[in-house]
Structure formats: structure tokens, C-alpha cells
Amino acid sequence: MGGSAANFTKSGDAVEKLTLQGRQYVAAIRVITLIPTGIIALLLVGETPKVAVLVCALLVVAGWSAVYVRLLLVGPRRWVTITDAAVLAGVGLTSPWSVPTAWFADGRSWVLPFTAFACVGYQYYASAALGGVAALVVVLGVVTGTTVAIPAGGEADSLVTAVWSAALAVLARVLWTLVKRGGTRADELAAEAEDARSARAVAAEVRAAQQEYNRRLHDTAASTLLMVGVGEVSRHSDLLVAQAKRDLEALRSWEETLPTCPDLVQLLRAAIELVDLTVVLDAPEQVVLPPRVARTLVDAAAEALSNVMWHAGVLTCHVDVRVEKTGVLVRVTDKGTGFDPPGETTAGRGLRDSIRERMSAIGGSALVHSAPGKGTTVGLRWSEA
């Protein structure tokens with residue numbers, strides 16, 4: 001709710017719900033008190049000093065109360081509260097003509113209970129200043145009318161009851177302040193809990209980012225160094241310098257921010273350019289995915305391509321992208337040396353474990369099919385939850 005529409009301080013969910021319930025309570029009380037009050041007043045027609053005044057007062061109160069309740073539920077403005085206080089103060093001033101004189105002799109009045117509930121109601125949705133002023137206006141009107149209406153020598157019980165309405169308003173304000181304070185504390189605790197959840201989420205993202213960087217480091221520089229260590233460079237010496245440059249470029253580009261909805265196909269084309277292979281790409285023109293999903297699929301595919309380059313003993317491979325009903329499938333296929341999954345070479349286990357970890361992190365899956373002399377197929381599948 002906007003500041004111009006609300007007569008209370010905007011806060012969190014708990015306080016907002018309390019103020020809404022407060023307005024609903026006041027609206028219900030107005031309807032509940034208006035009906036018996038009107039019935040009682042009409043039963044007094046024969047005893048009332050001025051019947052016309054009584055009827056006019058009831059019509060004004062009933063008509064305005066209908067408007068008041070509707071505006072109260074929508075969201076009260078200050079003028080609504082002020083107008084209501086003025087109407088009820090006016091009703092209080094009509095007491096000498098709208099309430100039987102005999103009633104004042106023993107302290108009775110149909111006006112007093114109705115206005116007392118209204119004074120209490122202001123405290124449950126209006127600000128302290130507005131609620132206090134509105135209650136004071138009503139009490140002054142009722143006290144003035146009651147003072148004039150009490151016959152000479154009559155009891156002052158009605159006057160005491162009128163003044164007591166002010167005390168009830170004060171007590172209602174104290175109660176509402178305590179309730180609102182509890183709501184504020186609940187909002188503070190909820191905010192603290194949300195901050196804690198956010199902190200945990202950030203920490204998890206940092207850990208995930210670090211793990212992803214470690215995987216990328218493994219797939220690039222670490223893999224190249226491994227090839228040097230196991231003697232593979234003797235067969236690929238002409239590729240070492242170029243591969244080292246590509247590794248450095250891949251590490252530098254890892255921090256770059258991806259578009260909000262990156263194109264998987266475009267990212268795959270860029271990854272393919274970083275490997276010294278002839279790659280046939282079979283894919284739709286565009287496949288837009290969430291940034292983290294696109295990056296993971298491309299990194300996993302890049303690792304599979306790197307494995308082809310270093311271990312498959314071929315210079316060509318095939319990458320195809322298929323859009324499925326709820327997700328996407330990326331396959332990297334070569335017709336190279338392959339390996340035996342039951343025994344699995346070190347490269348085979350590294351390929352399987354690293355790719356599966358990546359895909360598992362985004363709720364996806366990875367399957368590696370290979371056999372000696374029959375090549376290898378790496379399938380990367382991601383589906384929306």
C-alpha cells in the first residue's frame with residue numbers, strides 16, 4: 001500500500017496482515033453494532049422527543065456506514081476516518097432529541113455503545129495521532145449532547161459512560177501497539193532468516209563456482225600437462241603450443257558474463273573453434289537455455305572434444321544437438337580407438353566422472369558409451385524440472 005493511502009507505517013508481511021485484519025475487524029464491528037443499534041432506536045420512536053431527528057440520524061449513520069465499511073476494506077484514507085468521526089460526533093450532538101429523556105435519567109442511551117465501539121475501532125488501523133484525534137472528536141460530540149440531554153437532577157451515569165469511551169480508545173491503542181510490535185518483531189525474525197538463507201545460497205554458489213573453475217582447470221591446463229607427463233607430446237608436439245594458448249584463452253573467458261538467455265549452439269561453435277579437430281555440428285539454428293545450463297553443457301561437450309583430440313586417434317568427430325520435449329540432448333561421437341568401460345582407462349574414468357559431476361550439478365545426466373576399436377559417444381541430457 002502506498003504512503004498516501006495508509007494511516008500506518010509500512011512494514012513487513014506480518015504487520016501488513018495485522019493491519020488488514022484490523023480493518024476487517026473494524027468493518028465487521030461496525031455492521032454488527034449498527035444493526036441492533038438501529039433496531040433499538042426505531043423501537044423508541046414513540047418516546048423520542050423529535051422523531052424526525054431520530055430518523056434522519058439513523059439514515060445518515062446507516063448510509064455513511066455502508067460507504068465507510070467499503071472504503072475501509074479497500075484501504076482507508078485519512079479523510080474517511082475524519083469524516084466518520086464527524087458523522088458520529090454529529091449523532092452524539094443529536095442525543096437531546098433522538099434519545100428518550102427518561103433514558104438519560106437512569107444512564108441509558110443507544111448512541112453511547114455505538115460510538116464507543118467506533119472510538120476503539122479507529123485504533124486498530126489508523127495512526128496513533130489520527131486515531132486519537134478521531135476518538136476525541138467523537139467523545140466531545142457525545143459528551144456535549146449527553147450533557148445537554150441529562151434532565152435537571154438526573155444521574156450523571158450517561159456522562160460517565162461517554163467519557164469512558166475515551167479511556168477505551170486509549171486501552172485499544174495500547175493493545176494494538178503491543179500487537180503491532182509483535183508483528184514487527186516477527187518481520188525482523190523473518191528478515192534475519194531470509195538473510196541467513198541468502199548467505200547460505202551465496203556460499204553454495206561460491207563453492208559451485210570454485211568447483212566449476214577446478215573442473216575447467218582440469219579440462220584445460222591440467223589435461224595438457226598430463227599429456228606432457230605421459231609422453232603424449234611426442235605424437236602431438238605440433239599441437240602443444242596451440243593447445244596451451246587455447247587453454248589460457250578458455251581460463252580467461254570463464255569469468256565472462258553470459259547473456260541472460262544464451263544460445264547453446266553459438267556457445268558450442270565457439271568451443272569447437274578451440275580444439276584442433278574437424279567437427280561436424282548438427283544442430284538447430286538456436287537453442288536458448290538458462291545461463292548455468294548452457295555453460296555446463298558446453299563445458300562438458302568441450303571436455304569430450306578434448307578427450308577425442310588427445311585419446312581417440314582421429315581428426316574428426318560429430319556433435320549433434322537435439323531439442324527434446326522438456327529439455328535438450330547433446331552428443332559427441334567419434335570413430336576412434338574407444339576403450340573398454342568395464343576396465344576403463346584413466347582417461348575414460350576421468351572423462352566419465354568429471355562430465356557426470358558437471359551434469360549432476362544442474363540436474364542433468366551423462367552417459368558414455370565406448371568399446372575398443374568402435375569409438376566413443378558421450379551423451380549429455382538436461383530436462384526442465
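In this predicted model, the largest nonpolar core has 42 residues, and the residues with the most contacts inside this core are Tyr68, Trp110, Tyr122, Tyr125 and Val138. Several helices contribute to this core, for at least two of its residues come from each of α1 (13–43), α2 (51–74), α3, α5 (101–105), α6, α7 (128–149) and α8 (157–229). A second core, separate from the one just described, has 38 residues, including Ala301, Val321, Val328 and Ala366.

To see these cores in their setting, it helps to take the protein as a whole. Its secondary structure amounts to 12 helices and 5 strands, and of its 385 residues 42% are buried. If one takes the contacts between residues at least 6 apart in sequence, 73% of them join residues that are at least 24 apart.

One residue of the largest core, Tyr122, is a good place to look more closely. Setting aside residues up to four places away in sequence, Tyr122 touches Tyr68, Thr81, Asp84, Ala85, Leu88, Gly131, Ala134, Ala135, Val138 and Arg173. Among these partners are Tyr68 and Val138, which also stand among the residues with the most contacts inside the core.

Tyr122 also takes part in the packing of two helices, namely α3 and α6, where Thr81, Asp84, Ala85, Leu88, Val91 and Gly92 in α3 meet Val111, Phe114, Thr115, Ala118 and Tyr122 in α6. Sorted by class, this contact of α3 with α6 has 7 nonpolar, 3 polar and 1 charged residues. How do the two helices lie with respect to each other? The axes of α3, which covers residues 78–93, and α6, which covers residues 111–122, come within 10 Å and cross at roughly 160°. Because angles over 145 degrees count as roughly antiparallel, α3 is roughly antiparallel to α6. The crossing of these two helices is left-handed.

Helix α3 has another partner in α7, and here the geometry can be followed in the same steps. The axes of α3 and α7 come within 7 Å and cross at roughly 15°. Because angles under 35 degrees count as roughly parallel, α3 is roughly parallel to α7, and α3 passes α7 in a right-handed crossing. On the α3 side the contact involves Arg78, Thr81, Ile82, Ala85, Leu88, Ala89, Gly92 and Leu93, while on the α7 side it involves Leu130, Ala134, Val137, Val138, Gly141, Val142, Thr144 and Gly145. By class, the contact of α3 with α7 divides into 10 nonpolar, 5 polar and 1 charged residues.

A further helix pair is found towards the beginning of the list of core helices, where α1 and α2 pack at an angle of about 165° with their axes 10 Å apart. These two helices are therefore roughly antiparallel to each other, and their crossing is left-handed. From α1 the contact draws on Arg23, Gln24, Val26, Ala27, Arg30, Val31, Leu34, Gly38, Ala41 and Leu42, and from α2 on Leu54, Leu58, Val61, Ala62, Ser65, Tyr68, Val69, Leu72, Leu73 and Val74. The contact of α1 with α2 has 15 nonpolar, 3 polar and 2 charged residues.

Single residues can now be placed within this picture, beginning with Ser95, which belongs to helix α4 (residues 95–98). Is Ser95 buried or exposed? Its relative accessibility is 1%, so Ser95 counts as buried. Apart from residues up to four places away in sequence, Ser95 touches Phe104, Val111, Gly145, Thr146 and Ala149.

Thr161, by contrast with the buried Ser95, is partly exposed, with a relative accessible area of 35%, and lies in helix α8. Although Thr161 and Leu112 are 49 residues apart along the chain, their C-alpha atoms are separated by 7.2 Å.

The last residue to visit is Arg381, which lies in strand β5 (residues 376–383) and is partly exposed, with a relative accessible area of 33%. Which residues does Arg381 contact, leaving aside its neighbours within four places in sequence? They are Glu324, Val328, Leu329, Met359, Gly364 and Ser365, and of these Val328 is a residue of the second core. From Arg381 to Leu329 the distance, C-alpha to C-alpha, is 4.5 Å, although the two are 52 residues apart in sequence.

Key: Residues numbered from 1 in each chain as written. Predicted model: local features only at pLDDT ≥ 70, side-chain atom pairs only at ≥ 80, totals over all residues. Heavy atoms only, no water. Axes fitted to C-alpha atoms, helices over the stretch in contact; angles between N-to-C directions. Helix = DSSP H or I, 4+ residues; strand = E, 2+ residues; numbered from the N terminus. Parallel < 35°, antiparallel > 145°, perpendicular 65-115°, else oblique. Left-handed = near helix turned anticlockwise from the far one by under 90°. Contact = heavy atoms within 4.5 Å. Nonpolar A, V, L, I, M, F, W, Y, C, P; charged D, E, K, R; others polar. Core = buried A, V, L, I, M, F, W, Y, C linked by side-chain atoms within 4.5 Å. Buried < 20%, exposed > 50% of the residue type's maximum accessible area, 1.4 Å probe, protein only.
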